[in-house]
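Colleague: I would like a close look at the charged side chains in this model, and at how they pair or group. Please take it one part at a time.

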Amino acid sequence: MSIKNKTIGFALTGSFCTFEQTFPQIEKLVEEGATVQTIFSKSAQTMDSRFGKSKDFMEKAKEITGLEPILDIPGAEPIGPKSLLDVMVILPCTGNTIAKLANGITDGPVLMAAKAHLRNSKPLVVSISTNDALGMNMKNIGLLLNSKFIYFVPFGQDNVTSKPNSLVAHPQLLLPTIEAALKGKQYQPVIQAYLEGSEKGFMI
């Protein structure tokens, strides 16, 4: 299914180390003809890191999409009653966001957007990036994998030596995951390995 003329919500949370791979995915969606509305979590919009400044990330998102990012709960809430999105993506989706999403906590713009969007029985695509995926957050990932209208970008262990509990999604598989989700299907296989020692995942 083509995403041309689709409206996609694209939420960014505080896994700053993955932002370098995130923005090319936003560009790709725009190039494919989608309207992309970005949504920044409180961490993503207020915290600077060695990977860049939050202000610069928000300006870049506006430059790519032509739209002001959603930055607060009141801005995200109309997504539900106005049915503004065809599909929503959370990329990167931190462990904190995963835990709150799985347990129905709505305390920021990304979680409000997800809650509002899901009330319309439309697909939510989750692209995980968390160091505790195979630890405390495994139960939450399991809950989301078994939830209606929630789909996962395929993921794998990115560093089994230093971070054996860490899982990171393969961002290059975002587009086919969205296309499958719009058909009500999970793109398969969900678990795909990373090349040992590589920062960028790929299928093997």
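Colleague: With which residue does K163 form a salt bridge, and how far apart are the closest N and O atoms?

Modeller: This is a predicted model, and the answer below is computed from it. K163 forms its salt bridge with D158, and the closest N and O atoms of the pair are 3.3 Å apart. The two partners fall into separate accessibility classes. K163 has 30% relative accessibility and therefore counts as partly exposed. D158 has 17% relative accessibility; because buried means under 20%, D158 counts as buried.

As background, side chains of opposite charge can pair when their charged atoms come close. By the rule used here, the count of salt bridges comes to three.

Another of these bridges joins the side chains of K100 and D107, with an N to O distance of 2.6 Å. Here the lysine is the buried partner: K100 has 19% relative accessibility, so it falls under the 20% limit. D107, with 42% relative accessibility, counts as partly exposed.

There is also a salt bridge between the side chains of K62 and E68, at 2.7 Å from N to O. K62 counts as partly exposed because its relative accessibility is 39%.

Next, the charges that gather on the surface. A patch of negative charge there is made up of E27, E31, E32, D48, D56, E59 and E63. Two elements give two or more residues each to this patch, namely α1 (19-31) and α3 (54-65). The biggest contribution comes from α3, which gives three residues. D48 is a member of the patch and is found in the loop between α2 (42-46) and α3. E68, by contrast, is paired with K62 in the salt bridge described above. A patch takes only residues with no salt bridge, so a paired residue such as E68 is left out.

One uncharged residue may serve as a reference for burial. T97 lies in helix α5, which covers residues 95-102. Its relative accessibility is 7%, so T97 counts as buried. Leaving aside residues up to four places away in sequence, T97 touches T13, I90, V110 and L111.

To return to the request: K163 is paired with D158, K100 with D107, and K62 with E68. The acidic residues of the patch, among them E27, D56 and E63, gather on the surface.

Terms used. Residues numbered from 1 in each chain as written. Predicted model: local features only at pLDDT ≥ 70, side-chain atom pairs only at ≥ 80, totals over all residues. Heavy atoms only, no water. Patch = residues over 30% accessible without salt bridge, like charges linked within 9 Å, V, L, I, M, F, W, Y side chains within 5 Å. Areas by Shrake-Rupley, 256 points an atom, 1.4 Å probe, with all protein chains shown as cover. Salt bridge = Lys/Arg side-chain N within 4 Å of Asp/Glu carboxyl O. Lys, Arg positive; Asp, Glu negative; His and termini not counted. Charge placed at Lys NZ, Arg CZ, Asp CG, Glu CD. Helix = DSSP H or I, 4+ residues; strand = E, 2+ residues; numbered from the N terminus. Buried < 20%, exposed > 50% of the residue type's maximum accessible area, 1.4 Å probe, protein only. Contact = heavy atoms within 4.5 Å.
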